[in-house]
Amino acid sequence: MEDKKKFLADLRAIWRGIIGDEGGHCPCCDRWGKIYPRSLNETMARSLVWLAHHSANGDWVDVPKRAPRWLVRSNQLPTLRWWGLVERLDTEDTTKKHSGLWRATKRGLLFAQNRLQVPKKVYTYNAEVERFSDELIAIEDCVGSFDYSAVMESNT
Ligand SMILES: [Zn+2]
C-alpha cells in the first residue's frame, strides 16, 4: 500500500513536470495536458474598463446588446474571470447556454480605477487556475495613456 502511494506520488510529480513544461499526453488516458499561461492584455483591460464603467453601480450589463462591437467580437470577458475581475449572471433558463449579463467585481472596479494591482499572468490547467505569477501589473501598464476619470466618476 505504501509502495503504491509512493509510486502514484512519483507519477504525479513527473506529470506535473510535463504539463508545466512542454505539455504531453497522459500515459493513462492519452489526454493532452499542459499548463497554459495567460497574460492580461490590452484588449482585456479595455473590455474591463468598459464593463466597469457601465456596471459600477452593481447593475448587470447586457453585453451582446450594449457593448461596442470590438468588445463582443474579441470576447475577452470569459478570460477575465480567471483573475476574478468580472462575473457573469448564471442563467436559470436551461435552454440557453449562458446569459449575456456581466458586471465587474469589486476587484475589477478597483483594478479598472487603477487602485489595485493584479498578477500579470494566470496559469490554467484543465479549466482551473493552477497559480498566479508573482509579478503584478496595474491597468495603466496594460492600456498605456488612459483617462481613468470616466470610470472613477461613475463610481461616485
Ligand atoms: Zn490521464
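In the predicted model, Gln-113 is placed in the loop that runs between helix α6 (106–112) and strand β7 (118–119). With a relative accessibility of 3%, Gln-113 counts as buried, and its side chain makes a polar contact with the side chain of Arg-115 at 2.5 Å. A second loop glutamine, Gln-76, is located between α4 (69–74) and α5 (77–80). Gln-76 counts as buried because its relative accessibility is 17%, under the 20% limit, and its side chain reaches the backbone oxygen of Ser-74 at 3.0 Å.

Helix α2 comprises the 14 residues from 42 to 55, and the span from its first C-alpha to its last is 20 Å, close to the 20 Å expected at 1.5 Å a residue. At the start of this helix, a side-chain oxygen of Asn-41 comes to within 3.1 Å of the backbone nitrogen of Thr-43. The buried residues of α2 are Met-44, Ala-45, Ser-47, Leu-48, Val-49, Trp-50, Leu-51, Ala-52 and Ser-55. Trp-50, which belongs to α2, has a relative accessible area of 15% and is therefore classed as buried. Although Trp-50 and Ala-112 are separated by 62 residues in sequence, their C-alpha atoms lie 8.9 Å apart in space.

An open sheet is formed by 3 strands in the order β4-β6-β5, with antiparallel pairing. Strands β4 (61–62) and β5 (86–88) stand at the edges of this sheet and each has a single partner strand, so that one side of each is left without a neighbour in the sheet. The antiparallel pairing of β4 with β6 (residues 101–104) rests on 2 bridges, and within it Val-61 has Trp-102 of β6 as its bridge partner.

Strand β8 (residues 121–125) takes part in two further antiparallel pairings, one with β3 and one with β9. Of the 5 residues in β8, 4 are buried, and the strand is thus mostly covered. Strand β3 (residues 36–39) is joined to β8 by 4 bridges, and in this pairing Pro-37 stands opposite Tyr-123. The pairing of β8 with β9 (residues 128–132) likewise extends over 4 bridges, with Val-129 of β9 as the bridge partner of Thr-124. In a regular strand, the side chains alternate between the two faces of the sheet.

Strands β8 and β9 together form a hairpin with 2 residues between them. Asn-126, which lies in the loop between these strands, has a positive phi of about 55° although it is not a glycine. Most residues other than glycine have a negative phi. With a relative accessible area of 48%, Asn-126 is classed as partly exposed. A positive phi, near 65°, is also found for Asp-30, another residue other than glycine, which is situated in the loop between β1 (24–25) and β2 (32–33). Asp-30 counts as exposed because its relative accessibility is 55%, over the 50% limit.

The zinc ion in the model is coordinated by the SG atoms of Cys-26 and Cys-29, at 2.1 to 2.2 Å. Cys-26 has a relative accessibility of 15% and therefore counts as buried, whereas Asp-30 counts as exposed.

Contacts involving aromatic rings were examined next. The count of aromatic pairs comes to 0, where a pair requires ring centres within 6.5 Å. Positions of a charged side chain over a ring are nevertheless present, among them that of Lys-34, whose charged end sits over the ring of Tyr-36 at 5.9 Å from its centre. Arg-131 lies over the face of Tyr-123, at 4.0 Å from the ring centre. Tyr-123 is thus described both by its place opposite Pro-37 in the pairing of the strands and by the position of Arg-131 over the face of its ring.

Methods. Residues are numbered from 1 along each chain as its sequence is written. This is a predicted model: local features need pLDDT of at least 70, side-chain atom pairs count only at pLDDT 80 or more; totals for chains, interfaces and linings use all residues. Side-chain values use heavy atoms; hydrogens and water are left out. Rings of Phe, Tyr and Trp (its six-membered ring) pair if their centres lie within 6.5 Å; planes under 30 degrees apart count as stacked, over 60 as edge-to-face and the rest as tilted. A charge sits over a ring if NZ of Lys or CZ of Arg is within 6 Å of the ring centre and within 35 degrees of the ring normal. The expected span of a helix is 1.5 Å times one less than its number of residues. Buried means under 20% relative accessible area, exposed over 50%, partly exposed in between (1.4 Å probe, protein chains only). A polar contact is a pair of N or O atoms within 3.5 Å; within protein, one must be able to donate a hydrogen and the other to accept it, and residues adjacent in sequence count only if both atoms are side-chain atoms. Donors are N, O and S atoms within 2.8 Å of the metal (3.2 Å for Na, K and Ca); water is not among the atoms, so sites may look incomplete. Two strands pair if DSSP finds at least two bridges between them.
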